[in-house]
Amino acid sequence: MSGETEEPAPTADNNNPQQQQQLEILIECCSAWNLKEQIDAYISVTFAGQKVHETKSIWKSRNPIWTIKQNNVFILKTTEEELRSAGGLVFTIKDYNLVSRN
């Protein structure tokens with residue numbers, strides 16, 4: 001032996017956010033049905049109070065269906081702890097004509 005000591009292998013500490021594994025979650029916004037009236041519907045997705053995604057509008061529909069062309073798929077990058085503490089995702093259907101999209 002040369003007298004060198006081995007350092008112990010690092011252990012995962014789930015309470016340390018710097019060591020938490022990054023999650024990449026693929027999310028698809030598909031459809032809505034039986035809306036009260038025909039609207040120019042789009043979906044706004046929030047996570048921890050911040051908007052993380054927005055689809056394009058489907059014009060004059062009570063049963064909108066979003067596709068790739070309407071920007072219906074996105075990847076949310078987060079950690080398990082952030083996902084739990086944020087209380088999940090909030091999907092809100094909005095009417096393009098009633099809401100300013102600024």
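**Entry 1: Ala48**

I looked up the accessibility of Ala48 in this predicted model and found the residue exposed, with a relative accessible area of 52%. The cut-off for exposed is over 50%, so Ala48 falls into that class. I then placed Ala48 in the chain: it sits in the loop that runs between E2 and strand E3 (50-54). I also checked its backbone and noted a phi near 55 degrees, which is positive although Ala48 is a residue other than glycine.

**Entry 2: Asn34**

I turned to Asn34, another non-glycine residue for which I found a positive phi, here about 55 degrees. Its place is the loop between strand E1 (22-28) and strand E2 (39-47). I recorded a relative accessibility of 57% for Asn34, which counts as exposed.

**Entry 3: Aromatic rings**

How many aromatic pairs does the count give? I obtained one aromatic pair. Its members are Trp59 and Tyr96, with ring centres 5.2 Å apart and planes at 85 degrees. Because planes over 60 degrees apart count as edge-to-face, I entered the pair under that heading.

I next asked where the two residues of the pair lie. Trp59 belongs to strand E4 (residues 58-61), whereas Tyr96 is in the segment after strand E6 (89-95). The pair therefore ties together parts that are 37 residues apart in sequence.

Last, I looked up whether Tyr96 is buried, partly exposed or exposed. Tyr96 has a relative accessible area of 36% and is therefore partly exposed.

Notes: Residues are numbered from 1 along each chain as its sequence is written. This is a predicted model: local features need pLDDT of at least 70, side-chain atom pairs count only at pLDDT 80 or more; totals for chains, interfaces and linings use all residues. Side-chain values use heavy atoms; hydrogens and water are left out. Rings of Phe, Tyr and Trp (its six-membered ring) pair if their centres lie within 6.5 Å; planes under 30 degrees apart count as stacked, over 60 as edge-to-face and the rest as tilted. Helices (H or I, at least four residues) and strands (E, at least two) are DSSP runs, numbered from the N terminus. Buried means under 20% relative accessible area, exposed over 50%, partly exposed in between (1.4 Å probe, protein chains only).
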